[in-house]
Amino acid sequence: WAYEGSPYCKLVREVLSALELEHVLVYAPRGSPNRQRLWQQMGRFQVPFLTDDDTGVALFESAAIIEYLQKQYGVAASPVKFM
């Protein structure tokens with residue numbers, strides 16, 4: 001869930017793209033019925049908001065979302081040490 005002008009939403013979109021994760025972006029600009037849908041589902045409106053159907057995780061806050069995406073779907077560091 002996002003709206004176009006938010007720099008926090010942009011950060012999350014960039015991470016989703018960098019990790020090449022398929023996702024559905026629900027835009028919720030002012031006046032959009034999507035704002036009301038999010039309010040009804042979560043009891044508040046705040047973006048970015050992420051739901052991961054694969055794990056059941058639902059998160060607000062860009063920093064928390066980015067940390068989750070990197071831990072869940074990021075490339076793990078190689079255990080092999082290079083010279």
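## Asn34 and its surroundings

Asn34 is placed in helix H2, which covers residues 33–42. The model described here is predicted. With a relative accessibility of 17%, Asn34 counts as buried, because the limit for that class is under 20%.

The side chain of Asn34 has a polar atom 2.7 Å from the backbone oxygen of Tyr27. Tyr27 also appears among the residues in contact with Asn34 once neighbours within four places in sequence are set aside; the others are Trp1, Val26 and Ala28.

## Aromatic pairs

A pair of aromatic rings is described by two quantities, the distance of the centres and the angle of the planes. Searching the whole structure yields two aromatic pairs.

One of them consists of Phe49 and Phe60, whose ring centres are 4.5 Å apart. Their planes meet at 40 degrees, so this pair is classed as tilted. The pair joins distant parts of the chain: Phe49 belongs to strand S1 (residues 49–52) and Phe60 to strand S2 (residues 57–60), with the two positions eleven residues apart in numbering. Phe49 is buried at 4% relative accessibility, and Phe60 is likewise buried, with a relative accessible area of 11%.

Tyr68 and Tyr73 form an aromatic pair with edge-to-face geometry. Here the centre-to-centre distance is 6.4 Å and the angle between the planes is 85 degrees. Tyr68 has a relative accessible area of 13% and is buried, whereas Tyr73, at 27% relative accessibility, counts as partly exposed.

## Arginine side chains over rings

Phe60, a member of the tilted pair, also has a charged residue over its face: Arg44 lies 3.8 Å from the ring centre. The ring of Phe60 therefore takes part in the pair with Phe49 and has Arg44 over its face.

A further case involves Arg35 and Tyr3. The charged end of Arg35 sits over the ring of Tyr3, at 5.5 Å from the centre of that ring.

## Leu21 and the link to Tyr73

Leu21 is located in the loop between helix H1 (7–18) and H2. Apart from neighbours within four places in sequence, Leu21 is in contact with Leu16, Leu69 and Tyr73.

Tyr73, the partly exposed residue of the edge-to-face pair, is 52 residues from Leu21 along the chain. The C-alpha atoms of Leu21 and Tyr73 are separated by 8.2 Å. Tyr73 is thus a partner of Tyr68 in an aromatic pair and a contact of Leu21.

How values were computed
Residues are numbered from 1 along each chain as its sequence is written. This is a predicted model: local features need pLDDT of at least 70, side-chain atom pairs count only at pLDDT 80 or more; totals for chains, interfaces and linings use all residues. Side-chain values use heavy atoms; hydrogens and water are left out. Rings of Phe, Tyr and Trp (its six-membered ring) pair if their centres lie within 6.5 Å; planes under 30 degrees apart count as stacked, over 60 as edge-to-face and the rest as tilted. Helices (H or I, at least four residues) and strands (E, at least two) are DSSP runs, numbered from the N terminus. Buried means under 20% relative accessible area, exposed over 50%, partly exposed in between (1.4 Å probe, protein chains only). A charge sits over a ring if NZ of Lys or CZ of Arg is within 6 Å of the ring centre and within 35 degrees of the ring normal. A polar contact is a pair of N or O atoms within 3.5 Å; within protein, one must be able to donate a hydrogen and the other to accept it, and residues adjacent in sequence count only if both atoms are side-chain atoms. Contact means heavy atoms within 4.5 Å.
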